[in-house]
Amino acid sequence: MHLLGPSLLLLEYLAFSDSNWVFKHPKTLYAWEGACVWIPCRYSIPDRTMATLVVYHNYTYDKEAKEHRGKILYNKTKTEELFRQERVKFLGDLTSNCTLSIQPVQAQDSGVLGLRMTSATDKWMENVFLNISEKAPPPRIELPPEIRESTEVSVTCSLNFSCPGYKIKLKWSLDGLSQHASVPSTSLTPEAVSTQSKLTFEPLWLHHGKNLTCQLWNDIPEGLLLSQEMVQLHVKHTPKLMIEVHPRETIVTKGESVTMTCQINSSNPEATNITWLKDRTPLREPGMLQRAQKTLMLTLSNVTKEMSGHYYCEAHNDIGSGTSREVALQVHYAPEPSEVRISPSPAQEGGTVKLTCISSANPPPTNYTWFHNRIEMPRKTSKTFQISQVLLTHAGNYSCWAVNNLGRGYVGQETELDVQYPPKEVTIVIQNPTPIREGDNVTLFCHHTSSNPSVTRYEWKPQGSWKQLASGVVMIQKVAWNAEPFTCAACNPWCSWASPVDLQVQYAPRGVKVLPVSSRREIHSGHRVLLQCNFSSSYPTDVRFFWKKNGIFLVEGKELSFDSVSPEDAGNYNCLVNNSIGQSTSEVWTLQVLYAPRKLRVSISPKDSVMEGKKAILTCESDANPPVFQYAWFDWNNHNLQHYHQMLILNSVTVQHSGAYRCEGTNRLGVGQSPPSTLTVYYSPETIGRRVALGVMLCLVAVLLAFWGVRLQRSWKRIQSQQERRETSNGQSFFVRNKKVQRVPLAEGSHALGCYNPVIEDTVSYAALRFPVGETDTPRIGDAREQRPSLHRDNTVTYSVVQKPQTGDYENVTPAVPEDEGIHYSELIHLGVGERPLVQDTVEYVTLKH
């Protein structure tokens, strides 16, 4: 009895009207006597909890009593099991699982199992069908729609049975030749209950028509075959052919006959055509096809050497084509006319060449005879011989013949050995008068004595600015001083190089440079400096050396020495080297001498004299290397002005800025200072006008005062002289010259007003000196006259100083000629005893010098 396949084990979903009881379980379960049944079951009810469960076997319904009647296998409430057979087990619960198992089952268990369930408010009867057979049913084999040789296929063996308490095993076998065991895959769910085994293999054409068997075994140590299923394989394949040859030995002599038969051993589907092929080429003469025996015959009469080759047959069906094994047919014949093959050809002198005698024969020739220029070569009996070092004497025509067991061949066409060689005795010829100087155009000719084949090209080294004039002739344009040796090659298939030729180009000295011979990084004033003039090369080598400073010739010699270098020695130096070809000059080498600041001076801009109110710029000019990095400024009082820049800017100067200024400069080697420079600030025209007006007014006032003073003095003297009596006296008049101190011009920058005041300096000093009057006067020694007391003695000294006004006293300008001394006038009158003539002293002395 065959069971339904897994595809028929559909889940039964029952949902009835108002009750809404839902069950999930296989509709029918299959087993055999002695096995077991496992019923996977799921349910859901409105009250969510089952109250009672009664399992009936083949029940009926009593409509009058309105109850179910039948054999009860299991009875259970919420709290206890009221009844159950030993082989029946409820494996579910009160909410969703209603799984049952029956082990073992018997054939009479076939029928309907009724699951009567109740809840608090509802009840339900669910049917499960059992199909129990006396023996295990055979499994079911599922084959793919098409099976082809050498194409992997999968075959399934399945059984609608699975029970954890009864283990089974599925085994495969193909035509009883081999056992293929597999591990079954089991499905035990409310949706399906089954056991499967899958076999995957690549069928051969030999499996066509063979039986494939799936066996069901009880999985116990001793093993028990329960059932099996067998199917025949239909493997589609290309035609399989077999070939037979008569005579069996496929070696025949030229002129004999050969028969070949091609037979189809197997083909699925049937072959549609069959053909013969020789060396993979279809034969034009079709063979005789005997369809009944599925054979094709090929007969070759009076065979020739061209019939030798590989024969096979080919058949086609819908799957593809099939071929038989190849049959190698050999036709024996005597050697045919021979020819000589030379490798390589042409041959190179000094190389190796191989000569081969080619003669078609079957069996192959066993002996050969060689000829050079139609003269037999001794001891040359092999198919090939080799010349290890080819000479020109080996050139010529070569031929041969061959011998096998069927006879001797004869000489065919001769072959020439062409011995070739590179150009010989290649040399370079210089077609220029010597010597060659730098910049000349030089013509070179590449010469050779012989060549086979002829020279086709020339090569030159090194590459450069040369121009090819003709084949093998080049001209080097403006040859370089350092031109490399030239070489050329004459080339046919091989190149032969000439020995390099040195052009020996003459040139002026190269690489001239100044080289300081000193380990000092810096050159300071006073150091010793030695310079050398070096050059890299010169041809000819006889040279002279010269030195220039700033483009001016200094001295001849290779070295230039400074025992104590000074800043004046700094500059740009070149050395010159010449030979008979020319002269070369080095690059400029700059001699830098470092020294402390020197030759400092203060320059005033716009000029030394500046009108008050203008701007004056004082610049500290210096000579220093390295340059001055700090300056200091000092005034006429040697006060540091706390200004450290090179320029001192005085905005809106006044006369108080007049004076001497100096500066100091500092670099890392020392300090230098400048001599003082005078800045003169003069009054503006407005200031001068105001000062002159004031001076004139003061002078007028002084003159008026002096005039009234003199008049008063004269009046007083007249009154005094009239009252005094004249006395005889020895009067002495004398001049006192008091050298007036010459006024020194105001220093520049002083704070003088710069104006001479005549009222202050040009005054008249007047004084009178009176002596006391005694009773008697002692007469002078040597005075012969009698001395008498004077009635009117006037012992007075009159002293006057008159100074003329000075010129050039304005604007701090010193006169060119020193001032004259002031005139001092004094008169001393001593009145002795005796009468003096009553003469009125009306004469006054006033002297003015200009």
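**Exercise 1. A histidine in a loop**

Leaving aside its neighbours within four places in sequence, which residues is H207 in contact with?

*Solution.* Before starting, note that this is a predicted model, in which local features need pLDDT of at least 70 and side-chain atom pairs count only at pLDDT 80 or more, while totals for chains, interfaces and linings use all residues. Residues are numbered from 1 along each chain as its sequence is written, and side-chain values use heavy atoms, with hydrogens and water left out.

Step 1: find H207 in the loop between β18 (193-201) and β19 (211-218); strands here are DSSP runs of E with at least two residues, and helices are runs of H or I with at least four, both numbered from the N terminus.
Step 2: look for contacts, meaning heavy atoms within 4.5 Å. Without the neighbours up to four places away, H207 is in contact with L174, F201, E202, L233 and V235.
Step 3: check the accessibility, where buried means under 20% relative accessible area, exposed over 50%, and partly exposed in between, with a 1.4 Å probe and protein chains only. H207 has a relative accessible area of 19% and is therefore buried.

**Exercise 2. Aromatic pairs**

Describe the ring pair of F371 and W401, after looking at the pair of W21 and F23.

*Solution.* Step 1: apply the rule that rings of Phe, Tyr and Trp (its six-membered ring) pair if their centres lie within 6.5 Å, with planes under 30 degrees apart counted as stacked, over 60 as edge-to-face and the rest as tilted. The structure holds 16 such aromatic pairs.
Step 2: one of them joins W21 and F23, whose centres are 6.5 Å apart and whose planes differ by 10°, and this pair is stacked. Both of these residues, W21 and F23, are buried, and ring pairs link them with Y43 into a cluster.
Step 3: turn to F371 and W401, which form an edge-to-face pair with 5.3 Å from centre to centre and 65° between the planes. Because F371 lies in strand β34 (residues 367-372) and W401 in strand β37 (residues 396-404), the pair ties together parts that are 30 residues apart in sequence.
Step 4: compare the categories of accessibility: F371 is buried at 13%, whereas W401 counts as partly exposed at 21%.
Step 5: add the charge, which sits over a ring if NZ of Lys or CZ of Arg is within 6 Å of the ring centre and within 35 degrees of the ring normal. R408 lies over the face of W401, at 4.1 Å from the ring centre.

**Exercise 3. Disulfides**

How many disulfides does the structure hold, and which parts of the chain does the link of C357 and C400 tie together?

*Solution.* Step 1: a disulfide is a pair of cysteine sulfur atoms within 2.5 Å, and by this rule the count comes to nine.
Step 2: among them, C357 and C400 have their sulfur atoms 1.9 Å apart, and with 90° about the S-S bond their link is right-handed. C357 lies in strand β33 (residues 353-358) and C400 in strand β37, so the pair ties together parts that are 43 residues apart in sequence.
Step 3: C357 is buried at 0% relative accessibility, and C400 is buried at 1%.
Step 4: as a further example, C262 is joined to C313, S to S 1.8 Å, and the torsion about their S-S bond is about 70°, so this disulfide is right-handed. Both C262 and C313 are buried.

**Exercise 4. Paired strands**

Which strands pair with β5, and in what sense?

*Solution.* Step 1: two strands pair if DSSP finds at least two bridges between them. Strand β5 (residues 52-62) pairs with strand β6 (residues 67-77) in the antiparallel sense over nine bridges, and Y61 stands opposite H68 in β6.
Step 2: the hairpin of β5 and β6 has four residues between the strands, and in this hairpin K66 takes a positive phi near 55°.
Step 3: β5 also pairs with strand β10 (residues 111-118), again in the antiparallel sense, over six bridges. Here V54 stands opposite R116 in β10.
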